[in-house]
4 protein chains.
Amino acid sequence: MRTRVLRFPCAGPDDLTPLRDALADGRLHPERVVAVLGKTEGNGCVNDFTRAFATSVLKRFFAEQLALPEDTVAERIAFVMSGGTEGGLSPHWLVFEVDDAVSPAPEQPGLAAGIAFTETFAPEQIGRLDQVRATAAAVRRAMAEAGIERAGDVHYVQIKCPLLTAARCEQARRRGATVATTDTYESMGYSRGASALGVALALGEVDERALNDAAICHDFALWSGRASTSAGIELMRNEILVLGNAPGWDPALRIGHDVMADALDGEALDRARATLGDGQLVALLAKAEPSRSGEIRGRRHTMWDDSDINATRHARALVGGVLGGRTGDLALFVSGGAEHQGPDGGGPLAVIVESGS
Amino acid sequence: MRTRVLRFPCAGPDDLTPLRDALADGRLHPERVVAVLGKTEGNGCVNDFTRAFATSVLKRFFAEQLALPEDTVAERIAFVMSGGTEGGLSPHWLVFEVDDAVSPAPEQPGLAAGIAFTETFAPEQIGRLDQVRATAAAVRRAMAEAGIERAGDVHYVQIKCPLLTAARCEQARRRGATVATTDTYESMGYSRGASALGVALALGEVDERALNDAAICHDFALWSGRASTSAGIELMRNEILVLGNAPGWDPALRIGHDVMADALDGEALDRARATLGDGQLVALLAKAEPSRSGEIRGRRHTMWDDSDINATRHARALVGGVLGGRTGDLALFVSGGAEHQGPDGGGPLAVIVESGS
Amino acid sequence: MRTRVLRFPCAGPDDLTPLRDALADGRLHPERVVAVLGKTEGNGCVNDFTRAFATSVLKRFFAEQLALPEDTVAERIAFVMSGGTEGGLSPHWLVFEVDDAVSPAPEQPGLAAGIAFTETFAPEQIGRLDQVRATAAAVRRAMAEAGIERAGDVHYVQIKCPLLTAARCEQARRRGATVATTDTYESMGYSRGASALGVALALGEVDERALNDAAICHDFALWSGRASTSAGIELMRNEILVLGNAPGWDPALRIGHDVMADALDGEALDRARATLGDGQLVALLAKAEPSRSGEIRGRRHTMWDDSDINATRHARALVGGVLGGRTGDLALFVSGGAEHQGPDGGGPLAVIVESGS
Amino acid sequence: MRTRVLRFPCAGPDDLTPLRDALADGRLHPERVVAVLGKTEGNGCVNDFTRAFATSVLKRFFAEQLALPEDTVAERIAFVMSGGTEGGLSPHWLVFEVDDAVSPAPEQPGLAAGIAFTETFAPEQIGRLDQVRATAAAVRRAMAEAGIERAGDVHYVQIKCPLLTAARCEQARRRGATVATTDTYESMGYSRGASALGVALALGEVDERALNDAAICHDFALWSGRASTSAGIELMRNEILVLGNAPGWDPALRIGHDVMADALDGEALDRARATLGDGQLVALLAKAEPSRSGEIRGRRHTMWDDSDINATRHARALVGGVLGGRTGDLALFVSGGAEHQGPDGGGPLAVIVESGS
């Protein structure tokens with residue numbers, strides 16, 4: 001088996017030109033694609049329609065290429081759009097292809113990918129233990145699909161999860177159900193947090209007995225060092241991409257991870273790369289969030305008190321700068337909202353490297 | 001002579017607690033203060049009243065301490081507030097003190113500081129050659145005050161300059177005068193640009209014959225590598241602080257500079273420090289701006305097309321991340337709007353270092 | 001001939017449920033549709049992708065219903081999305097149908113509709129006389145299509161026009177061409193202004209000899225009382241819908257217009273309705289803009305100096321409140337940016353009324 | 001006794017020119033001033049420093065005029081700044097003077113004013129029953145001061161109340177106390193809500209037994225029809241201005257109130273005026289908030305789902321438009337955040353009228 005990762009810049013959420021070009025020159029193989037991760041240029045918050053727009057356009061593109069209904073495409077390919085390219089971050093898509101056209105039995109483990117989806121959630125399940133458990137089960141399915149047996153071989157789990165809108169809250173209310181929060185912006189955090197705890201549960205990073213509804217977005221001592229979750233208005237289930245290194249996969253690409261201790265901890269990149277040997281950076285994926293303490297290394301930050309720009313937007317800009325300054329590249333998948341993903345103000349970071357050949 | 005630099009965090013634009021504490025324990029000497037540079041937590045754009053609020057509170061504080069009228073204080077001390085602490089930047093004040101309590105004739109040059117002010121401008125002079133020339137003359141006066149004879153010994157010139165508001169434009173219009181622009185946000189750029197060209201003229205970085213009204217904010221091949229200009233609603237003249245190294249000044253502190261080639265060029269800090277030898281970082285001052293090309297190292301950025309967050313806000317967040325990631329510190333004086341200050345997308349960077357003793 | 005106007009609320013830019021429902025119960029006839037006007041919930045500025053998203057979804061919907069390629073649909077139906085539902089404005093779509101299933105020779109004139117498109121513009125034509133003239137020609141074609149002979153019978157001309165992005169400016173620059181402005185937000189105003197002057201030219205509201213590149217967005221004594229223009233990133237030509245009253249059209253619906261003298265002039269609605277007799281309000285279309293003087297009836301407004309919220313966003317909220325307070329309805333087509341559309345701070349207003357039967 | 005109300009436009013939060021002019025020509029009497037209400041041009045949210053800036057400048061002005069320490073001034077005069085002039089609202093100050101230079105025993109009741117302050121709150125009291133009770137007690141003190149005996153004669157109670165910042169939450173946490181919310185923007189709602197319930201309690205609009213911590217910002221069936229509360233970063237206590245009609249006060253000015261049923265209910269102004277007879281409008285004070293249902297008269301609004309502009313900003317713009325369109329005036333005291341102030345989406349409205357003489 002072999003995982004390939006293609007990184008495409010885009011000129012807007014509906015810009016298919018780079019994909020069409022790659023198709024024309026044989027670099028892109030639609031039938032192999034299992035996931036598309038995207039940074040789109042919306043606000044990354046509730047009313048960010050760039051995520052849904054990109055998903056709509058991409059889904060249609062692959063449906064046409066594969067001559068399949070869009071619903072069927074949605075069962076084959078995970079589309080995970082993360083809004084927000086603040087600071088200097090550059091909109092782009094990461095396309096993951098899996099194929100079996102590889103020489104038998106490579107000795108080294110290589111980049112393995114698997115996807116899975118939960119059932120559709122009711123609004124009142126979002127940000128609750130129901131979402132945690134359904135996510136954990138889906139992570140295990142995705143690991144099985146990728147042939148990853150040990151939790152320790154998983155280096156990154158990307159999840160796209162839903163959020164609550166005023167209409168969804170109202171729908172629950174009419175059925176007599178109460179939602180985790182009626183603040184729609186806040187609901188993004190609850191959904192991301194519950195999804196991350198699902199990863200932590202599946203990977204053995206937290207004890208199931210420590211989990212309950214009240215812990216979600218409150219007991220931040222519980223976290224995953226490998227989850228990256230992103231909320232969007234365009235779906236009502238969780239879509240999961242598991243990445244790890246596993247035997248039987250082409251070792252040309254490999255993935256490593258570490259945890260940023262805080263927003264300035266760019267050294268996490270060096271630590272993650274140190275496990276992988278030399279090679280060219282193919283993708284960098286990281287979480288960004290404002291520290292709840294209101295400080296970074298003893299200096300006050302103003303992200304929480306800024307009512308003009310949401311705190312997650314500031315945090316993406318900051319981490320984009322830290323990692324962009326270190327890599328010289330701004331087409332980085334820096335995603336905001338790291339509830340239960342790494343320690344306060346920090347977050348998981350994963351890097352995919354292609355070994356020189 | 002001796003220049004001292006004190007860096008105070010603040011909890012808001014009117015937070016005097018750190019200054020009062022420093023006064024109480026003898027670290028702050030109001031009678032020696034020649035300039036206060038501040039990062040305040042507004043939007044850094046037209047309606048950023050945190051700059052004026054901080055200036056108002058600080059001016060009053062020094063007036064009380066010095067038992068002088070505020071107008072007199074305003075002739076002794078340059079108050080240069082730069083709004084905008086996007087990303088993780090931390091609000092703080094840099095207080096510059098000058099005194100003569102130093103041993104005679106140090107052999108090495110040390111950090112020298114001088115201030116000067118232009119006359120009050122009419123709205124129609126802002127962003128025009130009038131502002132350029134008046135600024136150049138004031139820079140020369142500030143150099144003379146600091147005892148800096150050679151332009152090459154100047155490493156940083158901080159200027160606070162005015163902007164146009166709708167009311168100021170209207171006032172000019174009623175007198176039959178036309179202003180450089182009626183777009184108030186745009187006027188900040190014109191004022192910063194003209195002020196920077198004034199520095200470039202004074203320091204011999206541009207040829208006077210290349211300067212005219214039309215070149216301002218259009219011919220960006222003209223720039224200063226040492227100017228840092230910041231516009232605010234709270235004044236109608238330019239206030240100038242010149243920093244350099246000069247003989248006769250205490251060499252415990254020294255300043256160096258370099259030019260960031262683009263927003264990711266954190267190596268400029270290393271280059272600037274390389275000229276200074278070992279020592280502890282006392283202050284870092286840098287300009288940030290979005291590249292006009294719309295790209296950074298070949299990657300598209302979205303700063304210009306974002307109508308929710310002004311481009312200068314994105315740029316400060318980005319450069320704050322790049323330099324914060326490099327220094328581990330976010331109390332940096334990163335100021336936005338680098339028209340005619342460094343090349344497109346880059347900008348001057350200065351660092352003040354205290355030699356170990 | 002008969003024009004019908006259907007107003008559909010929507011739950012998001014891609015919400016087709018109300019259209020599908022109307023199709024199912026026979027209210028909507030895709031083959032008769034000539035134009036869809038929409039208020040979408042983006043920022044109405046440069047990076048408002050809700051307009052393109054809605055257009056993409058709607059175009060596809062009609063292509064499927066009509067079993068035609070999307071390009072062909074785009075030649076039959078004008079899609080005019082206006083972003084921005086600030087204050088309490090409510091996202092909705094106005095669908096215009098034209099059919100000939102009406103009794104011969106009604107004695108009274110009735111609502112007549114015609115559409116036309118310009119050629120695709122080069123970036124450097126936007127906001128220039130080229131755009132004015134191409135628009136005027138297209139307005140005349142749309143009038144002919146609607147069978148409106150006299151300019152005085154035209155009551156409203158809705159235009160969707162392009163804007164400049166950083167990429168489009170760069171494209172012109174590479175060809176050695178200069179654009180009207182490189183400020184992308186400002187380019188929306190130039191495009192709207194030139195388009196409105198095209199309407200004014202076609203309707204005889206301005207003298208062609210008064211028009212030149214320099215007058216666009218500068219000589220605001222030139223304006224149309226019937227143009228409503230809206231800029232978007234999703235097209236590079238002008239799309240035009242002309243509405244008027246003409247003989248031979250079903251008089252069940254009729255349109256009237258007036259000009260709001262300023263943002264508070266809700267009485268313009270009464271004046272426009274007074275020309276139409278009794279009937280139920282079917283649609284209200286109005287322009288909103290901040291007065292350039294900085295005042296409304298002697299009171300200072302802060303729209304221009306607010307760097308957190310664009311001035312057009314404030315203006316839509318204000319006019320939405322004025323007209324919503326008068327009609328008790330917030331599903332109004334209030335569109336921002338009224339350059340050369342009505343006097344400073346005011347703008348054209350049109351109302352479509354259905355006579356009781 | 002006599003209450004006078006002076007309305008001053010201002011060119012910025014620190015613009016004292018109109019006050020100085022009024023002082024010079026004898027219209028303003030500093031020794032009589034009991035309250036200054038202001039609309040300032042910040043975002044009205046957490047980081048709106050225009051409120052504190054205006055308060056700082058005004059307090060100093062009155063201290064100088066009265067030759068009193070600022071602390072003493074703060075015990076005599078309530079400074080209630082409400083941030084946010086969205087849409088077309090115009091920044092201005094309403095100065096309330098009280099003097100006894102009036103003819104004995106007017107037969108009709110006239111505008112009566114009284115002020116009172118609570119003690120300083122600890123962060124954990126904000127948004128809790130402690131704040132409710134302290135507010136109710138202060139409202140009763142202010143009524144007594146104004147000589148208003150019956151709750152029914154109170155027509156408007158303006159309160160300035162504190163908010164939580166990240167630092168204040170942290171301070172409580174260090175003492176082992178928990179705050180009502182750690183979301184600083186949300187804390188403004190809790191503080192406004194608790195303060196409004198304090199008014200409702202004092203005026204007999206709610207039953208004390210219905211009140212508890214959990215009801216605050218949750219049981220919105222509890223509300224006052226006369227409270228207007230506004231949160232700001234610049235204070236840690238509640239400052240209260242009670243206005244009513246009472247015997248023994250000059251009847252030249254009188255106040256009436258009604259409740260807007262929703263944001264479009266401009267008729268509330270007519271109803272309030274109907275109780276007062278003819279006369280000139282001197283001041284209009286109203287609350288604005290987005291309906292929690294997400295709809296206004298059956299139309300969806302987008303205020304809650306907009307992550308670029310806070311919902312309270314939209315609501316002020318809307319209500320400003322509704323009332324500005326009705327009065328032709330935009331110097332209105334429209335204040336956002338109407339938790340427990342009127343029904344969902346509506347709010348109290350008060351009008352002060354000067355009878356013709």
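**Figure 1. Chain A and chain B bury about 2,700 Å² between them.** Of this buried area, 52% lies on carbon and sulfur atoms. Keep in mind as you browse these views that the model is predicted. The contact involves 36 residues of chain A and 36 residues of chain B.

**Figure 2. Salt bridges run across the interface of chain A and chain B.** How many salt bridges does the rule find here? The rule finds 6 across this interface. One to zoom in on joins B:Arg300 to A:Glu41. The closest N and O atoms of B:Arg300 and A:Glu41 are 2.8 Å apart.

**Figure 3. Polar contacts and secondary structure meet where chain A touches chain B.** The rule finds 12 residue pairs in polar contact across the interface of chain A and chain B, counting pairs in which both residues are at pLDDT 80 or more. On the chain A side, β12 (299-300) and α8 (311-327) each supply at least two residues. Which element gives the most to this side of chain A? That is α8(A), with 9 residues. Sorted by class, the side of chain A that touches chain B holds 13 nonpolar, 12 polar and 11 charged residues.

**Figure 4. Chain A also meets chain C, with about 1,000 Å² buried between them.** Carbon and sulfur atoms carry 62% of that area. Here 10 residues of chain A are in contact with 10 residues of chain C. Three residues are worth picking out: A:Phe49, A:Phe53 and A:Arg60 supply 55% of the area that chain A buries against chain C, more than any other three residues.

**Figure 5. A:Glu70 and C:Arg60 form a salt bridge between chain A and chain C.** The closest N and O atoms of A:Glu70 and C:Arg60 are 2.4 Å apart. Between chain A and chain C the count is 2 salt bridges. The count of residue pairs in polar contact, with both residues at pLDDT 80 or more, is 2 between these chains.

**Figure 6. Helix α2 of chain A faces the contact with chain C.** Where does the side of chain A that touches chain C get the most residues? Helix α2 (residues 50-66) gives the most, with 5 residues. By class, this side of chain A divides into 4 nonpolar, 2 polar and 4 charged residues.

How values were computed. Residues are numbered from 1 along each chain as its sequence is written. Chains are lettered from A and ligands numbered from 1 in the order in which they are written. This is a predicted model: local features need pLDDT of at least 70, side-chain atom pairs count only at pLDDT 80 or more; totals for chains, interfaces and linings use all residues. Side-chain values use heavy atoms; hydrogens and water are left out. Contact means heavy atoms within 4.5 Å. Buried area is the accessible area (1.4 Å probe) that two parts lose on being put together, summed over both. A salt bridge is a side-chain nitrogen of Lys or Arg within 4 Å of a carboxyl oxygen of Asp or Glu. A polar contact is a pair of N or O atoms within 3.5 Å; within protein, one must be able to donate a hydrogen and the other to accept it, and residues adjacent in sequence count only if both atoms are side-chain atoms. Helices (H or I, at least four residues) and strands (E, at least two) are DSSP runs, numbered from the N terminus. Ala, Val, Leu, Ile, Met, Phe, Trp, Tyr, Cys and Pro count as nonpolar, Asp, Glu, Lys and Arg as charged, and the others, Gly among them, as polar.
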